[in-house]
Amino acid sequence: MGDPGAGADQRPARTAPGLAIALLSGFSFGLAGPFAAALLATGWSPLAVVVGRLGGAALLLVVPLAVMAARGRYLRRRHLRPVVVYGVVPLAGAQVCYFSAVGHLSVGVALLIEYTAPVLLLAWTWARTALRPRPATLLGAALAILGLGLVLDVGRGADVDVVGVLWGLGAAVCLAAYFRLSADASEDDGPPALVLTAGGALVGTAVVLLVGLVGLLPLEANTAPIDLAGWTAPWWVGVVLVAALSTALAYLTGIAAVGRLGSRLASFVGLSEVLFAVLGAWWLVSQEPTATQVAGGVLVVAAIALIRWAEPPEG
């Protein structure tokens with residue numbers, strides 16, 4: 001979920017293959033919510049879904065990580081801290097919060113709340129530096145808040161699941177930290193992207209298992225079949241899809257897209273994740289958005305695009 005190289009150095013190459021790879025990454029990330037929703041509907045806890053997603057992705061990334069190590073690019077001592085922080089906050093924290101939100105809200109609503117992260121990051125930067133954002137940035141923040149109100153349908157007095165909204169905001173905080181950590185890790189002495197992703201997945205899996213074992217959050221799974229687009233599938237199909245397609249493939253294609261397009265253009269194309277998530281939830285788990293929610297979603301995506309256009313990559 002998100003742009004894996006948001007803080008990487010921008011590169012001028014803007015090729016059609018790069019756009020295709022970026023769209024594939026957005027598609028892969030976007031389907032994580034529907035796959036998780038199918039597992040949650042059978043009684044899986046959000047924590048168990050995260051274990052399946054991160055643990056499965058870590059296993060899949062062991063092979064390319066071993067190839068990298070064979071070429072002399074391995075985890076150095078100075079890389080340990082960013083890998084641990086990355087695994088605890090953007091991976092474990094964001095996934096637990098997002099999938100917990102999906103347990104209370106529709107996939108589209110949960111993801112749009114999470115994608116208010118640029119607004120939170122903007123507020124944090126403003127408070128930390130006392131530098132007033134650009135007018136276009138402030139307009140984008142206002143549009144994001146308005147769009148979120150439409151997504152939650154608060155104007156018509158709809159019942160808002162407060163627990164779900166709080167989980168979604170928690171995911172937004174973790175996603176904001178993800179953008180900041182990605183920027184820090186893009187420095188020359190930062191860990192390679194594959195090391196950061198694979199190592200972070202291993203750390204995140206360990207953290208999530210520990211949280212479940214000590215009883216802070218429920219860790220419950222079962223072997224009941226899942227329903228995807230009217231097709232009954234074994235439980236492991238959902239786990240394999242969310243780990244292989246929506247995690248390992250999503251992150252690796254996202255990194256490749258940033259290498260071809262540069263961080264700014266890749267981050268714009270990465271907004272396609274929201275569209276793919278809403279369409280995937282509609283198709284796979286029959287979560288049809290209302291017209292008001294669609295309008296709000298358009299506003300949120302437009303607001304994020306405006307903020308990313310107005311602010312430098314580090315902001």
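Reader: How close do the axes of H4 and H9 come, and at what angle do they cross?
Author: Happy to start there, keeping in mind that this is a predicted model. The axes of the two helices, H4 and H9, come within 7 Å. Their crossing is right-handed. As for the angle, H4 and H9 cross at roughly 60°.

Reader: Is H4 parallel or oblique to H9?
Author: The angle to judge by is roughly 60°. Angles under 35 degrees would count as roughly parallel, and 65 to 115 as roughly perpendicular. The pair falls in neither range, so H4 is oblique to H9.

Reader: Which residues of H4 and H9 meet, and how many of them are charged?
Author: On the H4 side, the residues include Pro82, Val83, Tyr86, Leu91 and Val96. They meet residues of H9, among them Val195, Leu196, Gly199, Gly200, Val203 and Gly204. Sorted by class, this contact has 14 nonpolar and five polar residues, and the number of charged ones is none: no charged residues.

Reader: Where does H4 bend?
Author: H4 covers residues 80-102, and its end C-alpha atoms are 31 Å apart, close to the 33 Å expected. Within the helix there is a bend of about 30°, with the proline Pro90 following within four residues. The residue at the bend is Tyr86.

Reader: At which residue does H3 have its kink?
Author: H3 has 25 residues, which should span 36 Å at 1.5 Å a residue, and its end C-alpha atoms are indeed 36 Å apart. The kink is about 40° and lies shortly before the proline Pro64. Its position is Val62.

Reader: Why do H3 and H4 count as oblique?
Author: These two helices pack at about 135°, with axes 9 Å apart. Roughly antiparallel would need an angle over 145, and roughly perpendicular 65 to 115. An angle of about 135° lies between those ranges, so H3 and H4 are oblique.

Reader: How many charged residues are in the contact of H3 with H4?
Author: H3 passes H4 in a right-handed crossing. From H3, the contact includes Pro46, Leu47, Val50 and Arg53, while H4 contributes residues including Leu91, Gln95 and Phe99. By class there are nine nonpolar and two polar residues, and the charged count is one. Since Arg counts as charged, that residue is Arg53.

Reader: How long is H9, and which residue just after it takes a positive phi?
Author: H9 runs over residues 193-213 and reaches 30 Å between its end C-alpha atoms, close to the 30 Å expected. Just after the helix, a phi of about 85° appears, and the residue that takes it is Gly215.

Reader: Which charged residue takes part in the contact of H1 with H12?
Author: H1 and H12 pack at about 45°, with axes 7 Å apart. Leu23, Gly26, Phe27, Phe29 and Gly30 of H1 meet Ser272, Glu273, Phe276 and Ala277 of H12. The contact has five nonpolar, three polar and one charged residues. Because Glu counts as charged, the residue asked for is Glu273.

Definitions and conventions: Residues are numbered from 1 along each chain as its sequence is written. This is a predicted model: local features need pLDDT of at least 70, side-chain atom pairs count only at pLDDT 80 or more; totals for chains, interfaces and linings use all residues. Side-chain values use heavy atoms; hydrogens and water are left out. The expected span of a helix is 1.5 Å times one less than its number of residues. The bend at a residue is the angle between axes fitted to the seven residues ending there and the seven starting there. Axes are lines fitted to C-alpha atoms, for helices over the stretch in contact, and angles run from 0 to 180 degrees between N-to-C directions. A crossing is left-handed if the near helix is turned anticlockwise from the far one by less than a right angle, and right-handed if clockwise. Contact means heavy atoms within 4.5 Å.
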